[in-house]
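Here is a short tour of the open spaces in this protein and the ligands that go with them. Keep the structure open beside you as you read.

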Amino acid sequence: MERGDIAALFGLPFFELLHRAHGVHEASFPGGGVQLSTLLSVKTGGCSEDCGYCAQSARYSTPVEAGRLMDTEAVLAEARRAAAAGATRFCMGAAWRGPSDRDLERVAEMVAGVKALGLETCATLGLLGPGQAERLKGAGLDYYNHNLDTSRELYPEVVGTRAYDDRLGTLEAARDAGLKLCCGGILGMGESRDDRVGLLHELSLLGAPPESVPINRLVPIPGTPLEGAAPVDDFEFVRTIAVARILFPKSHVRLSAGRESMDDALQALCLYAGANSIFYGDRLLTTGNPRSEKDLALLRRLDLRPEPLTEAART
Ligand code: SAM
Ligand code: DTB
Ligand code: SF4
């Protein structure tokens, strides 16, 4: 779809857009499960990059302290907890520009251990060097998360230490290695609607669509350049989910970071508009997330059920 066509979807009357998106959603996902992914920061803070939204950049004075790469056993203990609580995917995040080959071996060990627990595996480690995607795939990695974050035009205003095309290079390497892609962006960074259109357009140019499309709402972090960014309008956020659902009918669209700043009604609207995955567990990487019991209760109140692993594994 051309950029103008995507802009036209955004411009539909709100309820017409929602109606269309929900129709696509129902056709692709009859039964309407919600996939549950649990995040763990396996290496926190002290990152060399300057991403203007991030708590983990060493360049900003934020509440986050830098840590070392976790031990595999400690990671597996968290993964067991996540599985017992009902998550079907476990995503390991590291605050790196990209992993060294030595660090990658440690992460590969974690991936193999998590996979052996019967969970889907996801990792987000930054830019990947030659052979690294293949190494992760060989260890049992299912998904690689690497977000484009925003439009190509706005990106340089948010991140200075790497280019949009660097991100696209890693996405291509992950795809070539046979990994599924988890790729989306952040809303509420002061972007225009045109930037949101641009983000979704770039995602649609990825060849095969990403199997997971996380739509994050900025969690403002004190000390970062974006701490005071104006929040994105609630209904504009819902529109973005709806357009993503129409553009990527078979993908899981994840209502990602930022749910603590949304009430139940807004989350319900996002789930109606086509979101069918959430981060599940009390923490994201460095910030909070709704408590698991509260999320399970919300799904129950909406007559939605957590998506079972077998179905999730087929994506
Ligand atoms: N260092 C790796 C990288 O940048 O690809 C992996 C971890 S990084 C924290 C993963 C993603 O989390 C970012 O690309 C961004 O989309 C999202 N993210 C980071 N901080 C956020 C925040 N404060 N609010 C919302 N999303 C955020
Ligand atoms: C994604 O799109 N969102 C997640 C995950 N992929 C790695 C990260 C959200 C981070 C929110 C801020 C924090 O906890 O530091
Ligand atoms: Fe580092 Fe990733 Fe945060 Fe950027 S988003 S500062 S690369 S951890």
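**Pockets, cavities and ligands**

The lining of the largest pocket is made up of eight nonpolar, four polar and four charged residues. This is a predicted model, so please read the values below as computed from it. Besides that open pocket, the structure holds two cavities of 30 Å³ or more.

**The largest pocket**

- Its volume is about 290 Å³.
- The pocket has 16 lining residues, and those nearest its centre are Thr38, Glu78, Gly281, Asp282 and Arg283.
- Strand S1 (33-43) and helix H3 (72-85) are the elements that each contribute two or more residues to this lining.

**The largest cavity**

- This cavity has a volume of about 880 Å³.
- It is lined by 43 residues, with Tyr53, Cys54, Gln56, Asn147 and Leu285 closest to its centre.
- Two or more lining residues come from each of S1, strand S2 (89-94), strand S3 (120-124) and strand S7 (212-217).
- S2 gives the most, with four residues.
- By class, the lining holds 22 nonpolar, twelve polar and nine charged residues.
- Which ligands take up this space? Ligand 1 sits in the largest cavity, and ligand 3 sits there too.

**Ligand 1**

- Ligand 1 has 17 residues around it, and the closest are Tyr53, Asn147, Asp149, Arg167 and Val219.
- Two of its contacts involve the protein backbone: a nitrogen atom of ligand 1 lies 3.1 Å from a backbone N or O atom of Tyr53, and a nitrogen atom of ligand 1 lies 2.9 Å from a polar backbone atom of Val219.
- The side chain of Arg167 has an N or O atom 3.1 Å from an oxygen atom of ligand 1.
- On its own, ligand 1 has 560 Å² of accessible area, and the protein covers 89% of this.
- Its shell consists of nine nonpolar, five polar and three charged residues.

**Ligand 3**

- Around ligand 3 are Cys47, Glu49, Cys51, Tyr53, Cys54, Ser57, Ala95, Trp96 and Arg162.
- This shell has six nonpolar residues, one polar residue and two charged residues.
- Tyr53 is worth finding on screen: it is listed among the residues around ligand 3 and among the closest to ligand 1.

**The second largest cavity**

- About 30 Å³ of space lies here.
- Leu255, Arg259, Gln267, Leu271, Ile278, Asp295, Leu298 and Leu299 form the lining.
- Helix H10 (264-273) and helix H11 (292-301) each supply two or more of these residues, and H11 gives the most, with three.
- The lining divides into five nonpolar, one polar and two charged residues.

Conventions: Residues numbered from 1 in each chain as written. Chains lettered and ligands numbered in written order. Predicted model: local features only at pLDDT ≥ 70, side-chain atom pairs only at ≥ 80, totals over all residues. Heavy atoms only, no water. Near = heavy atom within 4 Å. Polar contact = N/O pair within 3.5 Å; in protein donor to acceptor, adjacent residues only side chain to side chain. Areas by Shrake-Rupley, 256 points an atom, 1.4 Å probe, with all protein chains shown as cover. 1 Å grid on protein atoms, 1.4 Å probe; cavity = no way out; pocket = protein on both sides within 12 Å on 5 of 7 lines; lining within 4 Å. Sits in = over half its atoms within 2 Å of the grid points. Nonpolar A, V, L, I, M, F, W, Y, C, P; charged D, E, K, R; others polar. Points joined across faces, edges and corners; volume = space filled by probe spheres on them.
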